[in-house]
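Here's a quick briefing to read alongside the structure. Take a look at the fold and the surface first, then go through the points below.

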Amino acid sequence: MDISRRTDYALRMLTELVEDPSGIVSVRTAARENAVPYSFARSIQHDLGVAGIVENSRGANGGMRLAVDPRETTLLDVVEALQGSVEISCCADPSGDGSPCPNLPTCRFSPVWCNARRLLRGLFSSVTLHQLVVEGRSPVFEGEFRLVDVSAARDLATSDASSR
């Protein structure tokens with residue numbers, strides 16, 4: 001899983017909107033204040049609009065405004081809106097036709113990849129934009145890992161892969 005530059009820039013630009021959720025921020029201002037190339041910022045603005053995260057308006061007083069509640073919108077919502085589903089490996093769809101990897105039932109590594117995906121999705125969905133930006137809070141993993149029999153891990157991985 002790689003957080004793209006596009007997603008990083010979008011989150012920086014969204015920070016200003018989350019700080020003032022009722023305000024409008026021009027793309028030029030958001031780009032300048034967050035060191036985002038203007039042409040890239042325009043493209044990001046478009047993608048955020050298509051995803052329903054911002055509303056865009058044109059004109060002298062135009063710009064972007066939040067279209068979502070930052071208290072309910074998670075980091076996962078934004079990442080997946082910009083990058084698609086959070087994946088660690090290609091176990092779910094290696095050929096691109098929607099079918100899982102044929103090695104999934106016997107692969108010794110797929111349970112690790114599927115659990116890593118579950119952890120990453122859990123981390124990203126555990127915090128809202130408001131918590132990150134306004135409250136200055138960030139999630140920390142404090143649990144433990146435990147080893148289980150590979151068949152139990154495979155069952156968990158298979159159920160996770162089939163739920164997508």
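Of the 164 residues in this protein, 32% are buried. Keep in mind that you're looking at a predicted model. The C-alpha trace spans about 60 × 35 × 25 Å along its principal axes.

**Fold**

- The protein is built from seven helices and two strands.
- Reading from the N terminus, the order of the elements is α-α-α-β-β-α-α-α-α.

**Charged patch**

- Four arginines, Arg-28, Arg-32, Arg-42 and Arg-58, form a positive patch on the surface.
- One of them, Arg-32, sits in helix α2, which covers residues 27-33.
- Arg-32 counts as exposed because its relative accessibility is 57%, and the cut-off for exposed is over 50%.

**Nonpolar patch**

- There's also a nonpolar surface patch, made up of Met-1, Ile-3, Ile-88, Phe-109, Val-112 and Trp-113.
- Together, these residues of the nonpolar patch have about 530 Å² of accessible area.
- Phe-109, one of the patch members, is in the loop between α4 and α5, with α5 running over residues 110-125.
- With a relative accessible area of 52%, Phe-109 is exposed, so this side of the chain offers a nonpolar residue that clears the over 50% cut-off.

**A buried loop residue**

- Thr-73 belongs to the loop that links β2 (63-66) to α4 (75-83).
- Is Thr-73 buried or exposed? Thr-73 counts as buried, because its relative accessibility is 7% and buried means under 20%.
- The Thr-73 side chain reaches the backbone oxygen of Asp-69 at 2.8 Å.

**A pair of serines**

- You'll find Ser-126 in the loop between α5 and α6, where α6 is residues 129-133.
- Ser-126 has a relative accessible area of 42%, so it's partly exposed: that value falls between the under 20% cut-off for buried and the over 50% cut-off for exposed.
- How far apart are Ser-126 and Ser-138 in space, C-alpha to C-alpha? The two serines are 9.0 Å apart by that count, with a separation of twelve residues in sequence.

Methods. Residues are numbered from 1 along each chain as its sequence is written. This is a predicted model: local features need pLDDT of at least 70, side-chain atom pairs count only at pLDDT 80 or more; totals for chains, interfaces and linings use all residues. Side-chain values use heavy atoms; hydrogens and water are left out. Patches are made of residues with over 30% relative accessible area and no salt bridge: like charges are joined within 9 Å, nonpolar side chains (Val, Leu, Ile, Met, Phe, Trp, Tyr) within 5 Å. Accessible areas come from the Shrake-Rupley method with a 1.4 Å probe; for residues, only the protein chains shown count as cover. A salt bridge is a side-chain nitrogen of Lys or Arg within 4 Å of a carboxyl oxygen of Asp or Glu. Lys and Arg count as positive and Asp and Glu as negative; His and the chain ends are not counted. The place of a charge is taken as NZ of Lys, CZ of Arg, CG of Asp or CD of Glu. Helices (H or I, at least four residues) and strands (E, at least two) are DSSP runs, numbered from the N terminus. Buried means under 20% relative accessible area, exposed over 50%, partly exposed in between (1.4 Å probe, protein chains only). A polar contact is a pair of N or O atoms within 3.5 Å; within protein, one must be able to donate a hydrogen and the other to accept it, and residues adjacent in sequence count only if both atoms are side-chain atoms.
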